[in-house]
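Student: Could you pick one spot in this structure and take me through it up close? After that, I'd like to see how it fits with everything around it.

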Amino acid sequence: MSKIDHSLFDASRHALEEEYEICPDCGAELVMKHSKNGPFLGCANYPACEHIRPLASHDNHDIKVLDDSPCPDCGHSLVIRNGRYGMFIGCTAYPVCHYIVHDELEPDQEQAVGCPKCQKGLFTKRKNKYGKFFYSCDRYPKCKYSLNQQPVARICPECGWGVMLQKQRVGKAMLQCPQKACQHKVENQSE
């Protein structure tokens, strides 16, 4: 049998072998630890020393100042920054001004559809944390009415609800009432 160096297969030891780091608080070794949020470096003298450090540091630095486009909130220049979640465009006057340019969703060709629940707001297209789109009232949190499909400003002929949902069924455009008690379906004649 050949002799195998088992220390090569110890992942936590191998990761820190090249960069042996010392705890700045107590002088002990920093070791790789694991939590529900992922791996991190922590002091070997825990719980006596509670020093921790993230394994990967995120450089929050400015990439380029955009002199030609001023901030709409305060008038300072905008800057392209590399942050924790990637690149974004924000105001140079941060932390006084918290303006960040968001990806504006393309406005749809249809007219604005009013919220039938509160009778005051309009539906806006939003994206959830998984990347799927939904439509909700723009008066949130006062009105929490939302729909998973695109609303159409048409009154349901069965129950009289103020909007119907645009759906595709077997290649045909259909309108369906979003009320669970009704669910009335109509063929869409507008297309």
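Tutor: Let's start with Glu21, which counts as partly exposed because its relative accessibility is 23%, a value between the 20% limit for buried and the 50% limit for exposed. Keep in mind that we're looking at a predicted model. Now find the partner of Glu21: it forms a salt bridge with Arg53, and their closest N and O atoms are 2.8 Å apart. This pair ties together distant parts of the chain, with Glu21 in the loop between helix H1 (11-17) and strand E1 (30-35), and Arg53 in strand E3 (residues 52-54), 32 residues apart. Arg53 is partly exposed too, at 27% relative accessibility.

Both residues sit in a stretch that has a label in the records. The UniProt annotation "domain: DNA topoisomerase type IA zn finger", from an unreviewed entry, covers residues 21-56, 71-102, 114-150 and 154-171. Over residues 21-56, the chain is 0% helix and 42% strand, with its end C-alpha atoms 14 Å apart. For residues 114-150, the figures are 0% helix and 32% strand, and the end C-alpha atoms are 12 Å apart.

Stay in that 21-56 stretch and look at the cysteines. The sulfur of Cys26 has its closest cysteine sulfur in Cys43, 3.3 Å away, which is too far for a bond, because a disulfide needs the two sulfurs within 2.5 Å. Cys74 is in no disulfide either, as the nearest cysteine sulfur, in Cys91, is 3.4 Å away. In fact, the structure holds zero disulfides. Cys26 is partly exposed at 38% relative accessibility, and Cys74 is partly exposed at 36%.

What about cysteines in a core? The largest nonpolar core has 16 residues, and those touching the most other members are Cys115, Phe123, Cys143, Tyr145, Leu147, Trp161 and Val163. Strand E8 (133-137) and strand E11 (164-169) each give this core at least two residues. Zoom in on Cys143: leaving aside residues up to four places away in sequence, it touches Cys115, Lys117, Cys118 and Cys137. There's also a second, separate core of seven residues, including Leu66, Cys71, Leu78 and Ala93.

Back to salt bridges: a search of the whole structure finds two. Besides the Glu21–Arg53 pair, the side chains of Lys172 and Glu187 meet at 4.0 Å, N to O. Here too, distant parts of the chain are linked: Lys172 is in strand E12 (residues 172-176) and Glu187 in strand E13 (residues 185-187), 15 residues apart. Lys172 is partly exposed, with a relative accessible area of 46%, and Glu187 is partly exposed as well, at 41%.

Now zoom out to the whole chain. Its secondary structure comes to one helix and 13 strands, and along the sequence the helix is followed by the strands. Of the 191 residues, 26% count as buried. Among contacts with a separation of 6 or more, 18% are between residues 24 or more positions apart. The accessible surface comes to about 14600 Å², and 51% of that belongs to carbon and sulfur atoms.

Key: Residues are numbered from 1 along each chain as its sequence is written. This is a predicted model: local features need pLDDT of at least 70, side-chain atom pairs count only at pLDDT 80 or more; totals for chains, interfaces and linings use all residues. Side-chain values use heavy atoms; hydrogens and water are left out. Buried means under 20% relative accessible area, exposed over 50%, partly exposed in between (1.4 Å probe, protein chains only). UniProt positions are given in the numbering used here, feature names are shortened, and annotations may be inferred rather than shown by experiment. Helices (H or I, at least four residues) and strands (E, at least two) are DSSP runs, numbered from the N terminus. A nonpolar core is a set of buried Ala, Val, Leu, Ile, Met, Phe, Trp, Tyr and Cys residues joined through side-chain atoms within 4.5 Å. Contact means heavy atoms within 4.5 Å. Accessible areas come from the Shrake-Rupley method with a 1.4 Å probe; for residues, only the protein chains shown count as cover.
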